Amino acid sequence: MQIHYLSEGNSVLNHFLAQIRNVTVQNDSMRFRRNIERIGEIMAYELSKNMTYKTVAIPTPLGTKTTTAIADQLVLCSVLRAGLPLHLGFLNYFDDAENGFISAYRNHPNNDENFEILVQYQAISDLNGKNLILVDPMLATGQSLVAVFNKLMENSAPKEIHIAVVIAAPEGIAYLEQHLPDHCHLWVAALDEKLNEQSYIVPGLGDAGDLAYGKKL
């Protein structure tokens, strides 16, 4: 798996990452969603540098300009519900992309710390021969993304596979490296220290879905 770390140098990306972590800022859910969206826009720009381009001739009021445009067919897919603001950020830049949505959540059957990942819903277009961009804000254990990936790949053969996450734990990255194909690209806005005993990212930011949309039952 090819891993791209995006926050190693100073940029406005780190400014937005600081705001989504800050407990005095993140409680404003509208601002939290907007900051995740802006992070998605920056990540989309960086990811766009790895795409295939074609030469096009553009008519202007005073002539013709030869330039380049994205040649790949894109399918943008987010993991519900936390992935929606990040999805929107990518869609702001890849506005011609087809869209898909898939659910995944931690199920605690015995009401303890042990959990399994359940994938119960998907709505996505044909992925065959296209570039899949799978987005989810948090990469903790990696089990959710692998479960989602396996579900999407059941009857599909994308041309390229890109996974974009805002905050990742080393354990999650290691799990993806063990279970995903070598040709996958993983885009990480920020790498954190570790997982705690409950498998949440430290220092992380909390529950991205709750911060964006309110606490769930």
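Here is a short walk through a predicted model, one selection at a time.

**Stop one: the loop after β1.** Select glycine 9. You'll find this residue in the loop that runs between β1 (2-5) and α1 (12-21). Glycine 9 is partly exposed, at a relative accessible area of 40%. Now add leucine 152 to the selection and draw a C-alpha to C-alpha distance: glycine 9 and leucine 152 sit 33 Å apart in space, with their positions 143 residues apart in sequence.

**Stop two: a helix pair.** Stay with leucine 152, the last residue of α4 (residues 143-152), and bring up α5 (residues 170-179) as well. The two axes come within 9 Å and cross at roughly 30 degrees, which makes α4 roughly parallel to α5. The crossing of α4 and α5 is right-handed. To see where they touch, show side chains for Gln143, Leu145 and Val146 on α4, then Tyr175, Leu176 and His179 on α5. What kinds of residue make up the contact of α4 with α5? Four are nonpolar, two are polar and none is charged.

**Stop three: the cysteines.** Select cysteine 77 and cysteine 184. Both are out of sight on a surface view: cysteine 77 is buried, with a relative accessible area of 0%, and cysteine 184 is buried too, also at 0%. Why is there no disulfide for cysteine 77? Its closest cysteine sulfur, in cysteine 184, is 14 Å away, so the gap is too far for a bond; a disulfide needs the sulfurs within 2.5 Å. The structure as a whole holds zero disulfides.

Note on methods: Residues are numbered from 1 along each chain as its sequence is written. This is a predicted model: local features need pLDDT of at least 70, side-chain atom pairs count only at pLDDT 80 or more; totals for chains, interfaces and linings use all residues. Side-chain values use heavy atoms; hydrogens and water are left out. Buried means under 20% relative accessible area, exposed over 50%, partly exposed in between (1.4 Å probe, protein chains only). Helices (H or I, at least four residues) and strands (E, at least two) are DSSP runs, numbered from the N terminus. Axes are lines fitted to C-alpha atoms, for helices over the stretch in contact, and angles run from 0 to 180 degrees between N-to-C directions. Angles under 35 degrees count as roughly parallel, over 145 as roughly antiparallel, 65 to 115 as roughly perpendicular and the rest as oblique. A crossing is left-handed if the near helix is turned anticlockwise from the far one by less than a right angle, and right-handed if clockwise. Contact means heavy atoms within 4.5 Å. Ala, Val, Leu, Ile, Met, Phe, Trp, Tyr, Cys and Pro count as nonpolar, Asp, Glu, Lys and Arg as charged, and the others, Gly among them, as polar.
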